[in-house]
Amino acid sequence: LITRLLERTSSSTPCMLTHPTTSLLVLDMRYTNLSSRAAIYLFTTLQHNKTLKELYLNGNSITDEVRDTMTTALQRNCCLEQLDMNYNPMISADTLQAIVRALQDNNTLSMLGLPYCPQADQENIKYLQVVVNKNRKSRGCQVKLEIKF
């Protein structure tokens with residue numbers, strides 16, 4: 001149902017993620033055949049969401065088309081703690097680099113699941129590890145690497 005709603009929604013339509021009374025903490029969209037268009041809308045609304053803590057987008061058809069919207073959401077969102085995007089094989093090393101840049105000022109994300117990307121250079125992976133661990137420490141969490149490929 002949510003996937004169909006996201007597919008049909010225009011960016012000017014209010015979304016449940018930005019409604020002032022929403023209390024949604026976890027959104028599990030794993031293996032829902034979510035398209036890049038729907039993911040763009042989802043990340044657009046996530047820029048202003050104040051409650052969602054966990055977002056699971058594993059096993060969908062997300063591509064590099066989401067890069068700009070996703071990175072803006074990662075820069076602006078102040079509450080997302082877990083983002084899992086494993087098994088979205090169409091996401092490239094360039095998008096992973098954009099995620100690295102977007103997370104430089106992020107203080108909340110403490111679990112990041114990324115698609116396996118053989119082109120991703122070790123420098124970016126090491127930096128993502130540093131960011132995630134920094135966020136865990138600043139929130140008093142036990143430091144444990146949780147970047148999944």
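In the predicted model, the interface between helices α2 and α3 is formed by Ile 40, Phe 43, Thr 44 and Leu 46 of α2, which meet Thr 69, Met 70 and Ala 73 of α3. Classified by residue type, this contact of α2 with α3 comprises five nonpolar and two polar residues, with no charged residue taking part. The two helices, α2 spanning residues 36-46 and α3 spanning residues 67-76, pack at an angle of about 20°, and their axes lie 8 Å apart. Because angles under 35 degrees count as roughly parallel, α2 is described as roughly parallel to α3. The crossing of α2 and α3 is left-handed.

Helix α4, which covers residues 93-102, has seven of its 10 residues buried and is therefore largely enclosed by the rest of the structure. The buried positions of α4 are Ala 93, Thr 95, Leu 96, Ala 98, Ile 99, Val 100 and Ala 102. At the start of α4, a side-chain oxygen of Ser 92 comes to within 3.3 Å of the backbone nitrogen of Asp 94.

Val 100, one of the buried residues of α4, is also in contact with Tyr 127, for which Val 100 and Gln 104 are the contacts found when neighbours within four places in sequence are left aside. Tyr 127 itself is located in helix α5, residues 122-138, and counts as partly exposed because its relative accessibility is 30%. Although Tyr 127 and Gln 104 are 23 residues apart along the chain, their C-alpha atoms are separated by 9.1 Å.

Notes:
Residues numbered from 1 in each chain as written. Predicted model: local features only at pLDDT ≥ 70, side-chain atom pairs only at ≥ 80, totals over all residues. Heavy atoms only, no water. Axes fitted to C-alpha atoms, helices over the stretch in contact; angles between N-to-C directions. Helix = DSSP H or I, 4+ residues; strand = E, 2+ residues; numbered from the N terminus. Parallel < 35°, antiparallel > 145°, perpendicular 65-115°, else oblique. Left-handed = near helix turned anticlockwise from the far one by under 90°. Contact = heavy atoms within 4.5 Å. Nonpolar A, V, L, I, M, F, W, Y, C, P; charged D, E, K, R; others polar. Buried < 20%, exposed > 50% of the residue type's maximum accessible area, 1.4 Å probe, protein only. Polar contact = N/O pair within 3.5 Å; in protein donor to acceptor, adjacent residues only side chain to side chain.
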